[in-house]
Amino acid sequence: MIKVALPKGRIAKESLALFEKVYAKKFVFDDRKLILQQDDFIFMLVRSQDVPTYVHYQAADIGIVGRDVIEEQQVDLVKLLDLKIGKCKVVVGSQEGKGIDYQKPQIKIATKMPNITRKYFATKAVAIEALKLYGSIELAPLVGLSDGIVDIVETGATMKQNHLKIDEVIMESSAFLVANQHSFYEKKALILDIYQKLQEVI
Ligand code: PRP
């Protein structure tokens, strides 16, 4: 039996679709159910930002999670495979025709990812204050909450429609197959089998 944490949201459907492709069967969660036991699997649906926690504490043996989330949380996980789905970029953005005034003494950056943000600006030796928000990041500079944002861009539509532009790309992200360190030893054959099968379909 193997416990798999799948992310709800952006990469949910695509990640379950990968398992369906590999095992040539349907894995369907009932209505609002968050857990699905089928064959050798226990699938669980968790918030994408919570996948590292489930895997780290071995509530799940393996999981699928974005590189951006892994980098932000710095949790100890075995990173197994780039699944090449859920592709996005983590970018610095600001208002069109305005930008970020780096001469200002206290630059505020709104973001869901304060760790990535602080690390990035630290390497550039720019002092910023990271304002942690939980969503609608693009709104912050429009109403004067922040000078800029660090956020995820997938299609670019959200930034465009809110008259923001990309200033810098911090990282390219995609979804990774990750494993708990103990599970990786205890269930090595099973996990490597999943790894190989997934590798064949991506
Ligand atoms: C992300 C991000 C942007 C949006 C970008 O949020 O924070 O708001 O997607 O996508 P686009 O470039 O295709 O317009 P997400 O939808 O992951 O939701 P969340 O705020 O719940 O994390």
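Let me start at Glu154, where a backbone N or O atom lies 2.8 Å from an oxygen atom of the ligand, and I should say at once that this is a predicted model, so please take each distance I quote as a value computed from predicted coordinates. Two side chains also approach the ligand through polar atoms: in Thr155, an N or O atom of the side chain is 2.5 Å from a ligand oxygen, and in Lys112, a polar side-chain atom lies 2.6 Å from an oxygen atom of the ligand. As for how much of the ligand is covered, its exposed area when taken alone is 510 Å², of which the protein buries 71%.

Now to the shell as a whole. Besides Lys112, Glu154 and Thr155, the residues surrounding the ligand include Arg10, Arg47, Glu138 and Asp151, together with Ile152, Val153, Gly156, Ala157 and Thr158. By residue class, the shell divides into six charged, three polar and three nonpolar residues. In terms of secondary structure, β9, which spans 148-153, and α6, which spans 157-161, each supply at least two residues of this shell, and the largest share, three residues, comes from β9.

Let me turn from the ligand to the space that holds it. Which pocket does the ligand take up? The space taken by the ligand is the largest pocket, and that pocket has a volume of about 570 Å³. Its lining comprises 29 residues, and those closest to the pocket centre are Arg10, Gln49, Asp68, Lys112 and Ile152. Of these, Arg10, Lys112 and Ile152 are also among the residues that surround the ligand.

Which element gives the largest share of the lining of this pocket? That share comes from α3, with four residues, whereas for the shell around the ligand the largest share comes from β9. Alongside α3, which runs over 67-73, both β9 and α6 also supply at least two lining residues each. The lining of the largest pocket divides into 10 nonpolar, nine polar and 10 charged residues, and I would set that beside the three nonpolar, three polar and six charged residues of the shell around the ligand.

Methods:
Residues are numbered from 1 along each chain as its sequence is written. This is a predicted model: local features need pLDDT of at least 70, side-chain atom pairs count only at pLDDT 80 or more; totals for chains, interfaces and linings use all residues. Side-chain values use heavy atoms; hydrogens and water are left out. A residue is near a molecule or strand if one of its heavy atoms lies within 4 Å of it. A polar contact is a pair of N or O atoms within 3.5 Å; within protein, one must be able to donate a hydrogen and the other to accept it, and residues adjacent in sequence count only if both atoms are side-chain atoms. Accessible areas come from the Shrake-Rupley method with a 1.4 Å probe; for residues, only the protein chains shown count as cover. On a 1 Å grid over the protein atoms alone, a cavity is a set of points where a 1.4 Å probe fits but cannot get out, and a pocket is an open set with protein on both sides within 12 Å along at least five of seven lines; lining residues have an atom within 4 Å of a point. A molecule sits in a cavity or pocket if more than half of its atoms lie within 2 Å of its grid points. Ala, Val, Leu, Ile, Met, Phe, Trp, Tyr, Cys and Pro count as nonpolar, Asp, Glu, Lys and Arg as charged, and the others, Gly among them, as polar. Grid points are joined across faces, edges and corners, and a volume is the space filled by probe spheres set on the points.
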